[in-house]
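The following note sets out points for a colleague who is about to examine this model. Please read each point with the coordinates open.

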Amino acid sequence: APAEVRVLATEAPDLEDTTVEALLWTAALLLAAIVVALFSVCARRARARWRATLAAARRQEREDRVRVIDAAYAVTSLHYTAAFVPFPELQRMGALRKHEDLRDTHVLKVV
């Protein structure tokens, strides 16, 4: 009795199925590339906004520091001349007199 030879038949993949699968993989890779590109663009924009915010905060801090220094200087210095009458002289006079009279009698102290 002749020995039976079994031949295992393997089906060749259908060309249409292979093409669809290749198209799906290509679409998936393209979509992934688009997502990565969008993420990259968004990340760059966010980083640029972050840097701009930091720069603005630094500028504001410098301006605030200058404003505080100017305010401290303003309370410790006179921008205009000031005229004073010593308190003992004011007590002796009993009342305020005109500026001109105080100046002419050398009671008025101008700084």
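1. L38 is exposed, because its relative accessible area of 53% lies over the 50% cut-off. This leucine belongs to helix α1, which covers residues 15–76. L38 also takes part in a nonpolar surface patch together with L30 and I34. The accessible area of L30, I34 and L38 together is about 300 Å².

2. The model is a predicted one, and its confidence should be considered alongside each point. Across the protein chain the mean pLDDT is 86, and 86% of the residues reach 70 or more. Helix α1 has the highest confidence, at 93, whereas strand β2 (residues 109–110) has the lowest, at a mean of 86. As a general caution, predicted coordinates should not be read in detail where pLDDT is low.

3. The protein chain contains 3 helices and 2 strands. Read from the N terminus, these elements follow the order α-β-α-α-β. Of the 111 residues in the protein chain, 5% are buried. The chain exposes about 10700 Å², and 64% of this area is supplied by carbon and sulfur atoms.

4. How many salt bridges does a search of the whole structure find? The search finds 4, and three of the pairs are described in this point and the two that follow. One of them joins R65 to E61, with the closest N and O atoms 2.9 Å apart. Both residues lie in helix α1, 4 residues apart, or about one turn of the helix. R65 counts as partly exposed at 45% relative accessibility, and E61 likewise counts as partly exposed, at 48%.

5. A salt bridge also forms between the side chains of R92 and E89, at 2.6 Å from N to O. R92 and E89 are separated by about one helical turn, because they are 3 residues apart in helix α2 (residues 87–93). With regard to accessibility, R92 counts as exposed at 58%, whereas E89 counts as partly exposed at 26%.

6. The side chains of R103 and D104 meet in a salt bridge as well, with an N to O distance of 3.5 Å. R103 has a relative accessibility of 44% and therefore counts as partly exposed.

7. What is notable about the backbone of H106, given that this residue is not a glycine? H106 has a positive phi of about 60°. In general, most residues other than glycine have a negative phi. H106 is placed in the loop between α3 (99–104) and β2. The residue is exposed, since its relative accessible area is 63%. A reader inspecting this loop may wish to view the phi of H106 together with its exposure.

8. Is S77 buried or exposed? S77 is buried, because its relative accessible area of 18% falls under the 20% cut-off. This serine is found in the loop between α1 and β1 (83–84). A polar atom of the S77 side chain lies 2.8 Å from the backbone oxygen of Y73.

Conventions: Residues numbered from 1 in each chain as written. Predicted model: local features only at pLDDT ≥ 70, side-chain atom pairs only at ≥ 80, totals over all residues. Heavy atoms only, no water. Patch = residues over 30% accessible without salt bridge, like charges linked within 9 Å, V, L, I, M, F, W, Y side chains within 5 Å. Areas by Shrake-Rupley, 256 points an atom, 1.4 Å probe, with all protein chains shown as cover. Buried < 20%, exposed > 50% of the residue type's maximum accessible area, 1.4 Å probe, protein only. pLDDT = per-residue confidence, 0-100. Polar contact = N/O pair within 3.5 Å; in protein donor to acceptor, adjacent residues only side chain to side chain.
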